[in-house]
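These are my notebook entries on one structure. I set down what I looked up, entry by entry.

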Amino acid sequence: MLENLRDLAIIIAAAEVMGLIAKKIKLPQVVGQIIAGLIIGPCLLNWSNNTDYIKVFAEVGVILLMFSAGLETNLKTLIKTGPVALLMAVMGVFVPLVLGTILTAVFYGWDGFGTVTFYKSVFIGVIMTATSVGITVQTLKELGKLKTELGTTIVSAAIIDDVIGIIVLTVVIGIAGGGDTGIGEIILKTVTFFLLAVVVGYFLYKIFSFLDKRYPHMRRIPIFSIALCFALAYVAEEYFGIADITGAYVAGVILCNIKDANYVDRKVNISSYMFFGPIFFASIGLKTNISGMTWGLFAFSLSFVAVALLAKIIGCGIAAKLTKHTWKESLICGIGMMTRGEVALIVTQKGLDAGLISSDEFTPVILLIIFSSVLVPILLKLLFKSKKGLSETKMAEIGNND
């Protein structure tokens, strides 16, 4: 227990210091917090490790972050961007899946369809399909772009992307003989969850609206809201096989139109910004350990990272362009979907459990998470720095943000 408290002190202090340094040199603070994890983790100083204790706090951090993103969502804009987000998500899964399969076949060979090497190649492609929107959400919030139509589209696409990715994961593992859940069952669970989210969400919205009118601007509203966030996160993963962050985001969307939504968001952000968020971002760096790296694995890892990043830009960028976005907006959408995180790790662990890959495949995934987590905030800030060339309609703020 004492060592865990020491780790928390080191992580929070290091994340704050590096976050301030990043802010001083005009970088998003999340970049500094991730680098803090690299410095104090096994990769360099080895002052702290990503223990189960730290993982719990990190998981709470990303759940609260996605709940906050839901609270800041404009429901009308979310509905409006739905078809665009769906196309982006489909292309954001298809292109990485194909390119990841080809890349692995080039490095490890391919003995034909239905063979061990075939399933390994396809599964590496499945890992590339995962999108982690947590870092993108925090960056968009820092830049004041989360409530824009473009920001809402990116977040919506990432949520749908993960749902499609779960279905693809289930199919691949099921066909390879490593899973016991059928494709029909996973699709049924997914559809059921979102249908229930609409129906139950409406009644929950009415209940919270009533409480909000009766007890305006009181702390009990944020407290009950956070309880709903964790409840839906639990239900989504435990009973429907959907990532807990999706449930948290849905909880935020349910409450985004109550009168005190901004008040709830501010209260949630206090704990998220000061404690849970920095731990989540620093934990990404803590996962990195390159002590077992070989030249072959190094070459594959670099190729894996490059292809995974470009695949999202190509797939999501093309989808955005097809839906009449400008080239710059399309690039922003592609880069916004590049980040990988806990979902990619979960997918990788599933493949390891099913015997489709070895533990060595964790190294390129960790490197992908690090590279995407650092690059995305920097690139998004550069692209958003100048509004020239962006459609005034697309960049119009929804609400009082920015």
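Is helix α2 largely enclosed by the rest of the structure or not, and how many of its 12 residues are buried? I looked this up in a predicted model. I found that 10 of the 12 residues of α2 are buried, so the helix is largely enclosed by the rest of the structure.

**Entry 1: helix α2**

I listed the buried residues of α2 by name: Gln29, Val30, Val31, Gly32, Gln33, Ile34, Ala36, Gly37, Leu38 and Ile40. A residue is entered as buried when its relative accessible area is under 20%. I then looked up what covers these residues, and the cover includes α1 (2-24), α7 (134-143), α12 and α16 (362-385).

I also checked the length of α2, which runs over residues 29-40. At 1.5 Å a residue, its 12 residues should span 16 Å, and the end C-alpha atoms are 17 Å apart, which agrees.

**Entry 2: α2 against α7**

Since α7 is among the elements that cover α2, I looked up how the two helices pack. Their axes are 9 Å apart, and the angle is about 140°. The helices α2 and α7 are therefore oblique to each other. On the side of α2, Gln29, Val30 and Ile34 make the contact, and on the side of α7, Ile135, Gln138, Thr139 and Glu142 make it. I sorted the residues of this contact by class and entered 3 nonpolar, 3 polar and 1 charged.

**Entry 3: α7 against α12**

I next followed α7 to α12, another element that covers α2. The axes of α7 and α12 come within 12 Å and cross at roughly 135°. That angle makes α7 oblique to α12. The crossing of α7 past α12 is left-handed. I noted Gly134, Ile135, Gln138 and Lys141 of α7 in the contact, together with Asn269, Phe281 and Ile284 of α12. By class, the residues of this contact divide into 3 nonpolar, 3 polar and 1 charged.

Ile135 and Gln138 of α7 thus appear in the contact with α2 and again in the contact with α12.

**Entry 4: Phe280 in α12**

I stayed with α12, which covers residues 261-286, and looked up Phe280 within this helix. Is Phe280 buried or exposed? Its relative accessibility is 6%, so Phe280 counts as buried. I also looked up the separation of Phe280 from Thr363: the two residues are 83 residues apart along the chain, and their C-alpha atoms are separated by 19 Å.

**Entry 5: α6 against α13**

I turned to another pair, helix α6 (residues 116-129) and helix α13 (residues 295-322). They pack at an angle of about 55°, with their axes 10 Å apart. The angle makes α6 oblique to α13, and the crossing of the two helices is right-handed. From α6, the contact takes in Ile124, Ile127, Met128 and Thr129, and from α13, Phe300, Phe304, Val307, Ala308 and Lys312. I counted the classes in this contact as 7 nonpolar, 1 polar and 1 charged.

**Entry 6: Thr246 in α11**

My last entry concerns Thr246, which lies in helix α11 (residues 244-255). Thr246 has a relative accessible area of 1%, so I entered this residue as buried. Which residues does Thr246 touch, not counting residues up to four places away in sequence? I noted Ile159, Phe193 and Phe194.

Terms used:
Residues are numbered from 1 along each chain as its sequence is written. This is a predicted model: local features need pLDDT of at least 70, side-chain atom pairs count only at pLDDT 80 or more; totals for chains, interfaces and linings use all residues. Side-chain values use heavy atoms; hydrogens and water are left out. Helices (H or I, at least four residues) and strands (E, at least two) are DSSP runs, numbered from the N terminus. Buried means under 20% relative accessible area, exposed over 50%, partly exposed in between (1.4 Å probe, protein chains only). Axes are lines fitted to C-alpha atoms, for helices over the stretch in contact, and angles run from 0 to 180 degrees between N-to-C directions. Angles under 35 degrees count as roughly parallel, over 145 as roughly antiparallel, 65 to 115 as roughly perpendicular and the rest as oblique. A crossing is left-handed if the near helix is turned anticlockwise from the far one by less than a right angle, and right-handed if clockwise. Contact means heavy atoms within 4.5 Å. Ala, Val, Leu, Ile, Met, Phe, Trp, Tyr, Cys and Pro count as nonpolar, Asp, Glu, Lys and Arg as charged, and the others, Gly among them, as polar. The expected span of a helix is 1.5 Å times one less than its number of residues.
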